[in-house]
Amino acid sequence: MLVDWLSLGSIYALLAVGFVIIFKSTQVLNFAHGALAALGAFLVASMATILQIPGRWMGSAPVWLKWTSSALVALAAAALIGLILERLFIRPMLGEGLFSVAIVTLGLDIVIRTVSNDFMGTNPRPLGFPGGTASLDLGWVVIPWNVVVSVIVTLVAVVLIATFFLSRTGVAMRATAFDQEAARAQGINVGRIFSLAWAIGSVMAAVAGIFLSVFPRRSTGVDTATAFLAFAAFPAIILGGLDSIVGAVVGGYAIGLAQAAVTEFLSNNPSFAFLGSGFGGVVPYVLMLLVLLIKPYGLFGTEEIRRV
Amino acid sequence: MRGRPLLVTNYADDQAMLKSTTQTVMAGLFLLFLVCIPLFAPGAIGGGESRIPGPTFLAGADWLKLLSELGIFAMAALGLNILSGLAGQVSLGHAFFMGLGAYTAAVLGSGPGALWGVGLPIWVWLPMAGLIPAAVGIVISPTAVRVRGLYLAIVTLGLVFIGEYVWRNLDFITGGSQSGRNFPALQVRLWREEEALLDLEASGTWLGFLNLSGEGKFYLFILALTVLFVIVAKNIQRSRVGRAFQAIRDRDVAAEIMGVDEFRYKTLAFAISSFYAGVAGALLAVEVGRTIPEQWDLLLSVEIIAIVLIGGAGSISGVLMGSAFVVLLPRLVQDFGNLLQQSAASGGVLATIFDPILSTGPGDFGVVNLSPGVAPGLGILQLNTLIYGLLIIAFLIFEPLGLYGVWVRIRNYWKGWPFTY
């Protein structure tokens with residue numbers, strides 16, 4: 001259960017962090033995040049196992065080095081895709097209402113999903129993650145290495161991003177989110193901030209997509225359902241509050257814990273079989289509804305001050 | 001003509017459902033055309049081959065089904081339009097309420113069998129298919145009213161996923177993912193055992209001289225219901241309730257200060273929109289005949305959102321245009337695909353033009369693929385989905401007012417013609 005918790009939690013946290021970056025700096029609610037995650041994972045699968053870029057030119061380099069460089073190439077491609085999408089579809093919406101932009105990303109989600117599913121086909125594409133089944137034995141618990149890696153990656157990413165928001169560019173991002181016009185008047189290049197946020201956001205989505213496709217539970221690889229699995233990160237985002245990095249991480253691990261615990265509990269207690277199959281999958285949403293009943297802006301979200 | 005056209009001098013004129021004589025006449029003629037569609041078929045009137053002259057293909061079974069579907073989607077979208085277009089509450093959960101309406105209808109309307117069914121007549125199950133979702137809408141609206149804006153969008157997204165899980169597991173009602181279930185037939189009877197007074201699915205003769213197919217009757221029934229729903233929606237829009245909705249949409253704090261009870265009206269908006277969704281869901285299920293739980297998914301919600309956005313949020317004629325666009329689009333794409341295939345097969349100039357678009361076998365990288373599984377490229381179904389997505393984006397970027405906005409611009413251009421203003 002610990003393993004399940006950590007792996008699910010890391011995935012949700014990573015997805016949520018990437019999402020929050022885009023929201024925090026551009027106020028865009030990105031429904032296409034799940035599709036971007038699946039697309040990123042598929043890019044890694046293509047680079048690492050199908051096209052073997054740049055592995056085919058690396059000769060007898062160790063497998064992990066080949067795989068990592070492929071992953072880096074794929075992440076660069078994901079960043080490029082994020083830039084292009086932002087430039088084509090989000091930039092024209094600059095200054096429009098929040099809902100219109102959110103619905104644009106919903107349309108974007110459909111477009112990305114249709115196109116990438118078509119390339120993927122019906123069979124799962126393996127990612128060729130090296131060191132697949134090796135585990136870290138702590139004596140009292142055995143954790144697969146890829147879970148350990150995912151937790152480390154999550155924490156490193158969060159620290160990096162939290163520091164980034166304190167830097168000059170990060171402050172500019174927050175200013176842009178607060179008021180695009182005022183930020184522009186202060187000499188901030190709002191367009192560039194949008195590009196940057198989308199590039200970082202889609203890289204984060206791709207990283208989350210990798211882990212989404214390699215965990216022991218779903219070791220088969222990336223397939224057409226991956227984008228839908230990523231939707232389960234939305235409760236994590238809401239739970240933590242739309243605009244809080246810390247909230248995203250806490251929300252991610254909390255949702256992961258709840259889902260892992262409930263799934264574990266149900267598999268041990270046949271008397272609860274009346275709940276039917278797939279109850280674990282809806283736990284995040286139920287939890288989200290409950291939390292929102294009590295705290296409408298999530299646990300760490302900024303409350304909207306309603307003033308006359 | 002007296003005075004300036006469309007000059008409004010009193011409040012009643014401003015609030016009128018049809019604003020001018022021209023509008024009334026045009027709407028009447030259009031409605032007459034719609035009613036006559038099933039009578040375009042040869043032999044529709046009297047004993048011989050006589051019929052009302054008009055495009056015969058519209059009276060074919062496939063087109064009548066398509067037009068019925070159009071009406072059903074229009075009803076669903078009218079509901080979402082009240083919630084999102086008038087009251088300004090974005091909801092991705094419309095598919096959930098449609099599913100709820102469908103299964104309410106199934107349980108109440110179908111006869112007892114392997115799955116739950118009570119076998120009540122249509123005048124019970126059709127209203128209940130709206131009322132039960134409306135009640136559920138009221139029950140969950142406290143959560144929905146408390147959360148604002150973008151949070152609401154995600155909460156309603158959660159509703160769709162929870163709903164899909166519930167439908168999958170209530171297999172004694174829904175039949176489960178494997179088999180799905182059948183839905184009651186559209187037959188009007190007084191109570192369970194009676195002979196059907198009116199069978200809307202079998203062909204027959206009405207008034208002694210109108211020979212109608214089952215599809216034709218179904219179409220007329222849907223048409224009547226759609227017109228009713230349009231009138232109700234229009235009346236909601238131009239009444240006190242509708243103005244309260246619009247006040248909340250434009251600025252909720254200001255609306256509350258003016259004395260609009262925000263909680264009450266948001267709940268009401270949810271209830272009305274769920275009622276529309278439920279009835280539309282039940283009729284959609286009846287029309288399709290057999291549905292599986294996975295049908296009520298996010299894509300259905302997005303389709304309804306697409307109708308509202310493409311048509312123009314907040315406008316009823318926009319919703320009607322939008323549903324015509326979205327429902328007829330797959331058919332047009334299909335026809336376009338067939339055209340491509342024919343021209344590719346026949347050779348000639350068209351084939352050369354279309355060949356880069358078309359993917360006919362492995363190794364041929366065209367965009368459109370007409371033989372799924374064999375060649376790369378998008379199948380017709382995927383092409384449809386892709387076009388929905390792109391259209392939503394394109395309309396939001398280029399014409400936020402939707403088809404209604406396009407229509408207004410065309411109208412204004414001709415109103416001032418040959419002057420530009």
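**Exercise 1. Work out how the elements of chain A are ordered, and how its overall size compares with the globule rule.**

Start at the N terminus of chain A in this predicted model. Walking along from there, you meet the elements in the order α-α-α-α-β-β-α-α-α-α-α-α-α-α. Tallied up, chain A has twelve helices and two strands.

Now for size. The radius of gyration of chain A comes out at 20 Å, and the globule rule gives 19 Å for 308 residues; the two are close, so chain A is as compact as a globular protein of that length. If you'd rather think in box dimensions, the C-alpha trace of chain A spans about 55 × 55 × 35 Å along its principal axes.

**Exercise 2. Find how helix 2 and helix 8 of chain A are oriented to each other, and list what sits between them.**

Step one is the geometry. Helix 2 of chain A covers residues 33-50 and helix 8 of chain A covers residues 190-214; they pack at an angle of about 70 degrees, and their axes are 7 Å apart. Angles of 65 to 115 degrees count as roughly perpendicular, and therefore helix 2 and helix 8 of chain A are roughly perpendicular to each other. As for handedness, helix 2 of chain A passes helix 8 of chain A in a right-handed crossing.

Step two is the residues. Helix 2 of chain A brings H33(A), L36(A), A37(A), A38(A), G40(A), A41(A), L43(A) and V44(A) to the contact, while helix 8 of chain A brings S202(A), A205(A), A206(A), A208(A), G209(A), I210(A), L212(A) and S213(A). Sort this contact of helix 2 with helix 8 of chain A by class and you get eleven nonpolar, five polar and no charged residues.

**Exercise 3. Do the same for helix 6 and helix 8 of chain A.**

Helix 6 of chain A (residues 168-178) packs against helix 8 of chain A at about 105 degrees, with the axes 10 Å apart. Helix 6 and helix 8 of chain A are therefore roughly perpendicular to each other.

The contact pairs up A172(A), M173(A) and T176(A) from helix 6 of chain A with V190(A), I193(A) and A197(A) from helix 8 of chain A. The class count for helix 6 with helix 8 of chain A is five nonpolar, one polar and no charged residues.

**Exercise 4. Describe the packing of helix 4 on helix 13 in chain B.**

Angle first: helix 4 (residues 94-109) and helix 13 (residues 298-311) of chain B pack at about 110 degrees, with axes 7 Å apart. That makes helix 4 of chain B roughly perpendicular to helix 13 of chain B.

Then the side chains' owners: H94(B), A95(B) and M98(B) of helix 4 of chain B meet L298(B), L300(B), S301(B) and I304(B) of helix 13 of chain B. By class, this contact of helix 4 with helix 13 of chain B has five nonpolar, two polar and no charged residues.

**Exercise 5. Pick apart the contact between the two domains of chain B.**

The domain assignment gives domain 1 (57-295) and domain 2 (315-421) of chain B. Twelve residues of domain 1 and ten residues of domain 2 of chain B make the contact.

On the domain 1 side, helix 3 (61-86) and helix 9 (214-238) of chain B are the elements giving two or more residues. Helix 3 of chain B has the largest share, eight residues. The domain 1 side that touches domain 2 of chain B splits into eight nonpolar, two polar and two charged residues.

**Exercise 6. Which helices of chain A supply the side that touches chain B?**

First, the count: 36 residues of chain A are in contact with 35 residues of chain B. Helix 4 (98-120), helix 10 (233-240) and helix 12 (279-294) of chain A each supply at least two residues of the chain A side. The largest share, 13 residues, comes from helix 4 of chain A. By class, the side of chain A that touches chain B has 26 nonpolar, seven polar and three charged residues.

Key:
Residues numbered from 1 in each chain as written. Chains lettered and ligands numbered in written order. Predicted model: local features only at pLDDT ≥ 70, side-chain atom pairs only at ≥ 80, totals over all residues. Contact = placed C-beta atoms within 7 Å. Helix = DSSP H or I, 4+ residues; strand = E, 2+ residues; numbered from the N terminus. Nonpolar A, V, L, I, M, F, W, Y, C, P; charged D, E, K, R; others polar. Axes fitted to C-alpha atoms, helices over the stretch in contact; angles between N-to-C directions. Parallel < 35°, antiparallel > 145°, perpendicular 65-115°, else oblique. Left-handed = near helix turned anticlockwise from the far one by under 90°. Domains from an automatic or database assignment. Rg over C-alpha atoms; globule rule 2.2 N^0.38 Å.
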